[in-house]
Amino acid sequence: MDASPTTPLLQVKACRQAYHKDSSADLVVLEGVDLTLQSGEIVGLLGRSGSGKSTLLRIVAGLLAPTAGEVIWRGAPLRGPAPGVAMVFQSFALFPWLTVQENVELGLEAQGVPRAERDARAEEAIDLIGLGGYDTAYPKELSGGMRQRVGLARALVVHPDLLLMDEPFSALDVLTAETLRTDLIDLWADGRLPIKSILMVTHNIEEAVLMCDRILVFASNPGRVAQEIRVPFQHPRNRLEPAFRQLVDDVYAVMTRRTPVSPPTPVAAADAPFAAPLHHVSSNLLAGLMEALAGPPYEGRADLPALASSLQLEADELLPIGETLQLLRFADLEEGDIRLTETGRQYVHAETEGRKKLFAAALLAHVKLAAAIRRTLDERWNHRASAVRFRDELEDHMSPDYAEETLHAIIGWGRYAELFSFDEEAQQFNLEDIETAA
Ligand code: ATP
Ligand code: MG
């Protein structure tokens, strides 16, 4: 049944997604997510890795039923894959043995559209997206940007009401991504895309401000909409305009705001050594950022967007580094700025050995996992401990991916700080070649 024009295209109501874990607690990926999409708008989901953005897209597409809550699609509860929704993925997901035309037609074949109409519609979509003349090419003959155009054509050919895009430009180089973004927005603004609305996931703040009418900033652990930001600009937008820059700054500020304490975390767990996932950021990157920050023109304090662009980093590359420096108390993040602390300054001015000592002290004082590993090693007669047990404990509090990343982070930092060593072959922490207190 078709809904009236005032009915939202999509409503997500109080969605929760949890994965069962072997221990007592579930891994809650999404909690209390509400979202309404109207015809005619592009909405962005902006959030850190692991905050549940892709999970939400799969729920919206009807590929995953939420643990609780519901999805209303065109006025009716959604059960199973949503008709009229198409998805574009980050990786191009093309079939290498099919031509461009055949790849594009796939969606229509599934719908049982007759051959002649399939051909005509595929050609139309291929032309629209700027691939005219490449119908008979194979994916391996195409550049990354062209392959992603095929992915877009394949989604558009079914004339979906809603186009879902999961980081559609993040696998492309900077220039190609920008061309594809602006081409897509031009088509959208001209009303030439056979769709009513776009919901897109991105890590890229500028991309969100460039393309979207609304940006939903996702918080992690569990994933939920922390803030909605309206983007009041007409297309085409100019990245250099002061109002555009200001909005990018504002979004940065929202994203660096210290995450409000999330209610579902059990009180005891929040403080436990294994509760907090760590970013896998190398000590080199941490040192590099502190050095850049200490020097001119920043002299210890920088606007994050400015720093990101001068270092040619995306927001989601810079923020984990900034957050790690904050965790170690080498820097503070506040309202879109990053500021070196006194310890951070000492680090920058110290020699190699002095830096390692400062890093070790910061790890022991502020990273409970590092302290727990070191304590375990000190207590054992052979000063060895298997990584498996730490991984198991981490996995009680976070997904296996996060546990893995957290372990990598702590191994790298511990080695650098000479707090402990790690034997890759045996997968064991140990104190070999480490100066012990006793
Ligand atoms: P990214 O930005 O890295 O793509 P994301 O925001 O899209 O991250 P999701 O892929 O939605 O995040 O994953 C959210 C969390 O849910 C992660 O911790 C992930 O490990 C976990 N997760 C996803 N699918 C499953 C599953 N089938 N079983 C258990 N955990 C899962
Ligand atoms: Mg994702």
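Student: Which residue has a polar backbone atom 2.9 Å from an oxygen atom of ligand 1?

Tutor: That is Gly52. This is a predicted model, where local features need pLDDT of at least 70, side-chain atom pairs need 80 or more, and totals for chains, interfaces and linings use all residues. Residues are numbered from 1 along each chain as its sequence is written, chains are lettered from A and ligands numbered from 1 in the order written, and side-chain values use heavy atoms, without hydrogens and water.

Student: Why is the 2.9 Å pair of Gly52 and ligand 1 called a polar contact?

Tutor: A polar contact is a pair of N or O atoms within 3.5 Å, so 2.9 Å qualifies. Thr55 joins in too, with a polar side-chain atom 2.5 Å from an oxygen atom of ligand 1, and the side chain of Tyr19 has an N or O atom 3.4 Å from a nitrogen atom of the ligand.

Student: What makes Arg384 and Asp423 a salt bridge?

Tutor: Their side chains meet at 3.0 Å, N to O. The rule asks for a side-chain nitrogen of Lys or Arg within 4 Å of a carboxyl oxygen of Asp or Glu, so the pair passes. Arg384 and Asp423 are 39 residues apart in sequence, so the bridge ties together separate parts.

Student: Why does Arg384 count as buried or exposed?

Tutor: Buried means under 20% relative accessible area, exposed over 50%, and partly exposed in between (1.4 Å probe, protein chains only). Arg384 has 18%, so Arg384 is buried.

Student: And what about Asp423?

Tutor: Asp423 has 24%, which lies in between, so Asp423 is partly exposed.

Key: Polar contact = N/O pair within 3.5 Å; in protein donor to acceptor, adjacent residues only side chain to side chain. Helix = DSSP H or I, 4+ residues; strand = E, 2+ residues; numbered from the N terminus.
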